[in-house]
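Welcome to this short briefing on a protein model. Have a look at the structure below, and then we will walk through some of its contacts together.

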2 protein chains.
Amino acid sequence: MTQIKQQVTDDSYCNVIPLTLTTLKTACSQCNLRELCLPFGLSEEEIHKLDSLIGVRRRIKRGQGLYRSGEGFEAIYAIRSGFFKTDVLLEDGRDQVTGFQMTGEILGMDGISGETHTCNAVALEDSEVCVIPFADLEGLSRNVQTLQRHFHKVMSREIVRDHGVMMLLGTMRAEERLAAFLLNLSQRFTARGYSAAEFHLRMTREEIGSYLGLKLETVSRAFSHFQEVGYISVQQKHIHILDNHGLKKLISHQHG
Amino acid sequence: MTQIKQQVTDDSYCNVIPLTLTTLKTACSQCNLRELCLPFGLSEEEIHKLDSLIGVRRRIKRGQGLYRSGEGFEAIYAIRSGFFKTDVLLEDGRDQVTGFQMTGEILGMDGISGETHTCNAVALEDSEVCVIPFADLEGLSRNVQTLQRHFHKVMSREIVRDHGVMMLLGTMRAEERLAAFLLNLSQRFTARGYSAAEFHLRMTREEIGSYLGLKLETVSRAFSHFQEVGYISVQQKHIHILDNHGLKKLISHQHG
DNA sequence: GTCAGGCGTTGACACAGATCAAACAGCAAG
DNA sequence: CTTGCTGTTTGATCTGTGTCAACGCCTGAC
């Protein structure tokens, strides 16, 4: 099973690079994601400086990789559209989804420390990213204090997010984890102008399970149970949150 | 139980600040932790610039807090000596140890994103830290490229470390987690010139359990079992690793 | 259209680790 | 020395989630 999955990833990966490089200039100054992404808080003039830095966009088809563990690190990526997962693979076949990333979020910061990527980033739907050469970003942020500050915040936010996942994996039971996951997605969709109550999951039950430290069957059962008690309605990957408060109560409730 | 613990933390915390501020100048240039800490890779001249930035050291007694969730963020801290844990507390009383930090490591980067600390840092033994005002660090790293690069690596390393913990919590069983934990400690002690095989745990079984997503009884049983099969010998907090390879095999072994 | 294969659901059962409980070791205070 | 408290060990039992298995539903390929 793991073998097959690995193979698929390999194949799809090799096809990506030549197809997805474009010479299209990306202008942060004209991007409506400004408020979510790196340019947040920059002045018009500063954003124009940032424009010059972002050389290319890359299109990634569903199932294809953006970068991959072991690969040399050169750039971070801002998601212009689409949806990604990142995962870590151990030699013995174990793999753990470390995050799901959506529009406006930054990918690739794991690679800075060792100048090598330490996880795989895979598109869960056809996506487009802005390639931000890291050396250039460091250069510009030495001149633009606001950019420097904002980039540090983005990295720090990633650390805080990871602590949240550790809390989830370390102290929550299956249904609490799933509830936390759904509420987190809902909130992030809201921030992007989508419905908070209704959305489409881009990932499989197995990927959710891997992220939450559960087996896919457990995820499926939890979905069914949430539906039974009226918290949500589920049809395949389509989720409708009916009782936001119920889900929240589930999480904050002591289990003892 | 949780109540009591909270109380103790509160009390001890309040006493800290007036006692621990000192005006002693800390010189990175004369610090033998240079190769582990922020100054890594800097030239003599650059290190002298760093000297001017680090205003004070702070002494933290065992059990006292260095900073605490909700508190305003102003500085990060380099551990000069001692041992810390960081933990996150949920309103409902659940708490999760998010990490253990030792000499030469950097604390407080969680606070950058929201300009507020999001976890508590508590000394597990009498410790001393260098206070690095964050605004100053950003200022200097705009001028010293090596410092900027190194600081980014330190933050990124934290992200990678967190992914490792997520892998541990998401895919490993109890004994694998403890084995990974011991090997990680051993490796970090080695890097600091201490014995790889013999060391003293500064944290309780409960704190280990919280970090590893296990109950203290499970941690205790795993220790006992490791001793039975000859991987380690344990006497209270004193650990002696007898079969490093055995522990490694345990982790890389598929569980299925 | 039909067919195949991946994905999701559900059930029965097993087991790792949680929970409850008791006793002990180490250490500080008196 | 005794007392008390915190942390640790160990045992017995319980339970949430994993595992194994069967089946059904989409979706995409042809």
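Let us start with a pair of opposite charges: Glu115(A) forms a salt bridge with Arg149(B), and their closest N and O atoms are 3.7 Å apart. A salt bridge here is a side-chain nitrogen of Lys or Arg within 4 Å of a carboxyl oxygen of Asp or Glu. This pair crosses between chains, running from the loop between strand 6 (106-107) and strand 7 (120-123) of chain A to helix 5 (residues 145-171) of chain B. Helices (H or I, at least four residues) and strands (E, at least two) are DSSP runs, numbered from the N terminus.

This is a predicted model, in which local features need pLDDT of at least 70 and side-chain atom pairs count only at pLDDT 80 or more, while totals for chains, interfaces and linings use all residues. Residues are numbered from 1 along each chain as its sequence is written, chains are lettered from A and ligands numbered from 1 in the order in which they are written, and side-chain values use heavy atoms, with hydrogens and water left out.

**Charges and polar contacts**
- Glu115(A) also forms a salt bridge with Lys153(B), with the closest N and O atoms 2.6 Å apart.
- Between chain A and chain B there are eight salt bridges, and the structure holds 34 over all chains.
- The two chains also share 26 residue pairs in polar contact, both residues being at pLDDT 80 or more.
- A polar contact is a pair of N or O atoms within 3.5 Å; within protein, one must be able to donate a hydrogen and the other to accept it, and residues adjacent in sequence count only if both atoms are side-chain atoms.

**Where the chains meet**
- The contact (heavy atoms within 4.5 Å) takes 48 residues from chain A and 48 residues from chain B.
- Chain A and chain B bury about 4,600 Å² between them, 58% of it on carbon and sulfur atoms; buried area is the accessible area (1.4 Å probe) that two parts lose on being put together, summed over both.
- In chain A, Arg94(A), Arg142(A) and Met166(A) lose the most area to chain B, together 17% of what that side buries.

**A glutamate in chain B**
- Glu105(B) sits in the loop between strand 5 (95-102) and strand 6 (106-107) of chain B.
- The side chains of Glu105(B) and Arg192(B) are joined by a polar contact of 3.3 Å.
- Leaving aside neighbours within four places in sequence, Glu105(B) is in contact with residues including Tyr77(B), Phe100(B) and Arg188(B).
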